[in-house]
Amino acid sequence: MTSAGIPSSEAAPTGAARPGGTGSLAGRTVSRVGYGAMQLARLQGDRSAAVALVRRAIDLGVNHVDTAQFYGNGFVNEVLREALRPQDDVLIVSKVGATADPDGQIPVRLAQRPEELRAEIETELATLRLEQIPVVNLRRVDGGHTGVPVPEDQMVDLDDQLAEMIALREEGKIGAIGLSSVTLDVLRRGLPAGIVCVQNPYSLVSREDEDMARFCADEQIAWVPYFPLGGAFPGRPKVTDEPAVLATAEKLGCSPAQVGLAWLLHHAPNTLLIPGTTDAGHLEANLAAGAIALDEETLAVLDAIPTRPVAAPSH
């Protein structure tokens with residue numbers, strides 16, 4: 001037990017409660033609101049600020065961080081290596097299926113072939129200075145969320161990719177396998193590999209993957225939506241523009257963004273969130289959303305908001 005009387009699995013070493021309570025991922029107990037590290041790439045000119053932000057998240061109870069080697073061409077993982085300590089007991093979740101291309105028109109390119117998946121893992125292990133990455137998501141291209149052209153040589157069969165991921169797991173280089181940007185059919189095909197989580201774009205205003213979310217709950221697979229507030233991209237609907245969300249925020253005395261995050265946590269018990277930011281105040285607001293209670297009447301109002309399917313670039 002901690003000094004605050006909270007079981008250690010439900011509190012940070014500082015005694016802070018896990019934001020959003022706790023959930024399960026790859027057999028680990030994690031904060032339901034974690035931290036998505038992608039936006040740290042914006043702080044390449046201020047590494048100390050990036051490190052401090054990660055440390056702030058950990059101090060506030062986060063023990064679930066989402067990253068990728070291609071975020072900032074390795075910069076984000078370098079920050080995590082500097083910021084995280086063994087005693088923090090943070091579950092690092094990464095992804096493969098793309099690689100950095102800093103000289104390209106888009107600073108990332110697809111890397112779907114088995115040998116490319118392995119190369120990305122090897123590079124990430126070296127950058128993070130880890131012997132094993134606890135969870136690695138295979139980001140596929142058939143979910144329609146790539147945001148980049150898909151050359152013919154990058155249309156790789158799922159079985160070939162999973163065979164490589166399983167080999168990496170057997171070698172101890174990764175601990176568990178997840179999937180990202182996939183269809184329900186692909187998830188079903190992948191189940192024999194022992195899928196522990198799915199990352200797809202999903203929010204209150206973009207619920208086209210409702211069947212996927214329900215299937216994950218039934219199969220005890222963690223559901224980790226990205227773009228949890230809709231779109232930061234032109235033409236994609238935003239949760240924070242919805243009149244019902246604005247009215248709920250005013251009633252509860254919180255921000256519209258917090259309403260959108262709280263709805264996701266209430267909507268399915270297997271949901272884990274990985275909102276990202278480079279601002280400490282915004283970070284604290286994201287984590288505080290995990291403590292917002294939505295009663296049945298409020299949930300009914302929010303559930304009535306129509307979904308608006310829109311394809312968007314991948315994260």
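This briefing describes a sheet, a pair of helices and a pocket in one structure.

The model is predicted, so local features need pLDDT of at least 70 and side-chain atom pairs count only at pLDDT 80 or more, while totals for chains, interfaces and linings use all residues. Residues are numbered from 1 along each chain as its sequence is written, and side-chain values use heavy atoms, with hydrogens and water left out.

**Sheet**
- Seven strands (DSSP runs of E, at least two residues, numbered from the N terminus) form an open, parallel sheet in the order β3-β4-β5-β8-β9-β10-β11, where pairing requires at least two DSSP bridges between two strands.
- At the edges are β3 (35-36) and β11 (222-223), each of which pairs on one side only.
- Strand β4 (residues 64-66) runs parallel to β5 (residues 91-96) and is joined to β5 by three bridges, with Val-65 standing opposite Ile-92 in β5.

**Helices**
- The axes of helix α3 (residues 114-128) and helix α4 (residues 158-170) come within 9 Å and cross at roughly 35°; axes are lines fitted to C-alpha atoms, for helices over the stretch in contact, and angles run from 0 to 180 degrees between N-to-C directions.
- Helices are DSSP runs of H or I with at least four residues.
- In this pair, Pro-114, Leu-117, Arg-118 and Ile-121 of α3 meet Asp-160, Gln-161, Glu-164, Met-165, Ala-167 and Leu-168 of α4, contact meaning heavy atoms within 4.5 Å.
- Helix α4 also lies across β5, β8 (133-139) and β9 (174-180), running at about 155° to β9.

**Pocket**
- The second largest pocket holds about 260 Å³ of space, and of its 13 lining residues the closest to its centre are Leu-84, Arg-85, Pro-86, Ile-92 and Leu-130.
- A pocket is an open set of points on a 1 Å grid over the protein atoms alone, where a 1.4 Å probe fits, with protein on both sides within 12 Å along at least five of seven lines, and lining residues have an atom within 4 Å of a point.

Terms used. Grid points are joined across faces, edges and corners, and a volume is the space filled by probe spheres set on the points.
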